[in-house]
Amino acid sequence: MSARTGGAGLLARAQEGARTVRWFVRGVTREDRYDRYVDHLRRTHPDEPIPTEREFWREHYVEMGRNPGTRCC
């Protein structure tokens, strides 16, 4: 194994690790909501228009204000 191949392999593993960490953090912080919503719309309502990410978050926060649920404030 040459140093060049070893470095490329190490870089590939580091990039894959970074993608995994990003995926995990987005799931924990619920930042992936828009992606999951788009997947849901495509599967269950294929004829519905897909809102932009900005439109999705705007509606999400409006709904949170209307229905605070178990929030304390």
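Start with the whole chain in cartoon view: from the N terminus on, the elements run α-α-α. That is 3 helices and 0 strands, in a model that is predicted. Now switch on a surface. The protein exposes about 6500 Å², with carbon and sulfur atoms supplying 57% of it. Color by burial next, and you'll find that buried residues make up 12% of the 73 residues.

**Stop 1: helix α1**

Select residues 3–28, which is helix α1. Zoom in on W23, which sits in this helix. Is W23 buried or exposed? W23 counts as exposed, because its relative accessibility is 64%. Now add V21, F24, V25 and V28 to the selection: together with W23 they make a nonpolar surface patch of about 550 Å².

Stay on α1 and show the side chains of E16 and R19. They meet in a salt bridge, 3.0 Å from N to O. E16 and R19 are 3 residues apart in the helix, so about one helical turn separates them. An α-helix has 3.6 residues a turn, so residues three or four places apart point the same way. As for cover, E16 is partly exposed, with a relative accessible area of 41%.

**Stop 2: the loop after α1**

Move on to D32, in the loop between α1 and α2. D32 is buried, because its relative accessible area is 16%, and the cut-off for buried is under 20%. What does D32 touch, leaving out residues up to four places away in sequence? The contacts are R26 and G27.

Keep D32 selected and add R36. These two form a salt bridge, with the closest N and O atoms 3.4 Å apart. R36 counts as partly exposed, at 42% relative accessibility. So here a buried partner, D32, pairs with a partly exposed one, R36.

**Stop 3: helix α2**

Select 33–44 for α2. This helix has 12 residues and reaches 16 Å from its first C-alpha to its last, close to the 16 Å expected at 1.5 Å a residue. Which residues of α2 are buried? Pick Y34, V38 and L41. Look down the axis of α2: the buried residues fall within an arc of 60°, so they line one face of the helix. What do they pack against? Bring up 53–66, which is α3, and you have the partner of those buried residues.

**Stop 4: the loop before α3**

Next, pick T52, in the loop between α2 and α3. T52 counts as partly exposed, at 41% relative accessibility. Draw a distance from its C-alpha to that of Y34: T52 and Y34 are 18 residues apart along the chain, and the two atoms are separated by 9.0 Å.

**Stop 5: helix α3**

How many salt bridges does the structure hold? There are 4, and another one to look at is in α3. Select R66 and E63, whose closest N and O atoms are 3.6 Å apart in a salt bridge. R66 and E63 are 3 residues apart in helix α3, so they too are separated by about one helical turn. R66 counts as exposed, at 54% relative accessibility, while E63 is partly exposed, with a relative accessible area of 34%. Add E59 to finish the view: salt bridges that share partners join E59, E63 and R66 into one network.

Methods. Residues numbered from 1 in each chain as written. Predicted model: local features only at pLDDT ≥ 70, side-chain atom pairs only at ≥ 80, totals over all residues. Heavy atoms only, no water. Patch = residues over 30% accessible without salt bridge, like charges linked within 9 Å, V, L, I, M, F, W, Y side chains within 5 Å. Areas by Shrake-Rupley, 256 points an atom, 1.4 Å probe, with all protein chains shown as cover. Helix = DSSP H or I, 4+ residues; strand = E, 2+ residues; numbered from the N terminus. Buried < 20%, exposed > 50% of the residue type's maximum accessible area, 1.4 Å probe, protein only. Contact = heavy atoms within 4.5 Å. Expected span 1.5 Å × (residues − 1). Arc of directions from axis to C-beta.
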